[in-house]
Amino acid sequence: FATAAPKVAQQWGLDRCVLASAALACAGVAIRSAPSVMALFAGSALIGAGVAVNNVLLPALIKRDFATRTGLALGCYTILLNGGAALA
């Protein structure tokens, strides 16, 4: 899914694609909480697809929106990403 993200973002727009992939990940979390093995696998696949797309598109979104302070914004993004993983 990550390889298709730039092409989809060109067609849909960067903001819509990031929002759609975040919604896809949230839907995956909801599906994954159902008490069946198939829901576990399907939800995990949706979460993986949403995260893969966002991992590609979020740095581009940050560079676009924070053009004058790209280094600081990407540094904060990386810290928050790693901090969330550490808390989990």
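**Exercise 1: The overall fold**

How many helices and how many strands does the chain have?

*Solution.* Start with the model itself, which is predicted. Counting the elements gives four helices and zero strands. Next, read along the sequence: the pattern comes out as α-α-α-α. For the dimensions, take the principal axes, where the C-alpha atoms fill a box of roughly 50 × 35 × 15 Å. Finally, look at burial: of the 88 residues in the chain, 22% are buried.

**Exercise 2: The largest pocket**

Find the residues that line the largest pocket, then work out which helices supply them and what character the lining has.

*Solution.* Step one is the volume, which is about 190 Å³ for the largest pocket.

Step two is the list of lining residues. Phe1, Ala4, Ala5, Val8 and Trp12 are among them, and so are Cys17, Ala20, Ser21, Leu24, Ala49 and Val53.

Step three is to place the lining on the helices. Helix H1 (5-12), helix H2 (14-32) and helix H3 (37-65) each give at least two residues. H2 provides the largest share, with four residues.

Step four is to sort the lining by type. There are 10 nonpolar residues, one polar residue and no charged ones.

**Exercise 3: A salt-bridge network**

How many salt bridges does the structure hold? Trace the partners and decide how they are connected.

*Solution.* The total is two salt bridges. Take the pair of Asp15 and Arg64, whose side chains meet with an N to O distance of 2.9 Å. This pair links distant parts of the chain, since Asp15 sits in helix H2 and Arg64 in helix H3, 49 residues apart.

Now turn to Asp65, which forms a salt bridge with Arg64; here the closest N and O atoms are 2.9 Å apart. Because the salt bridges share partners, Asp15, Arg64 and Asp65 belong to one network.

Are these three residues buried, partly exposed or exposed? Use the class limits: partly exposed lies between 20% and 50% relative accessible area. Asp15 has 45% relative accessibility, so Asp15 is partly exposed. Arg64, at 42%, is therefore partly exposed. Asp65 has 45% and so counts as partly exposed too.

**Exercise 4: A nonpolar patch on the surface**

Which residues form a nonpolar patch on the surface, and what accessible area do they have together?

*Solution.* The patch is made of Val37, Leu40 and Phe41, with about 300 Å² of accessible area together. Pick out Val37, which is located in helix H3. To class this residue, recall that exposed means over 50% relative accessible area. Val37 reaches 56%, so Val37 is exposed.

**Exercise 5: Distance in sequence and in space**

How far apart are Ala45 and Ala25, in sequence and in space?

*Solution.* First count along the chain: Ala45 and Ala25 are 20 residues apart in sequence. Then go from C-alpha to C-alpha, and the distance between Ala45 and Ala25 is 9.0 Å. To round off the picture of Ala45, locate this residue in helix H3. With 47% relative accessibility, Ala45 falls in the partly exposed class.

Key:
Residues numbered from 1 in each chain as written. Predicted model: local features only at pLDDT ≥ 70, side-chain atom pairs only at ≥ 80, totals over all residues. Heavy atoms only, no water. 1 Å grid on protein atoms, 1.4 Å probe; cavity = no way out; pocket = protein on both sides within 12 Å on 5 of 7 lines; lining within 4 Å. Points joined across faces, edges and corners; volume = space filled by probe spheres on them. Nonpolar A, V, L, I, M, F, W, Y, C, P; charged D, E, K, R; others polar. Patch = residues over 30% accessible without salt bridge, like charges linked within 9 Å, V, L, I, M, F, W, Y side chains within 5 Å. Areas by Shrake-Rupley, 256 points an atom, 1.4 Å probe, with all protein chains shown as cover. Salt bridge = Lys/Arg side-chain N within 4 Å of Asp/Glu carboxyl O. Buried < 20%, exposed > 50% of the residue type's maximum accessible area, 1.4 Å probe, protein only.
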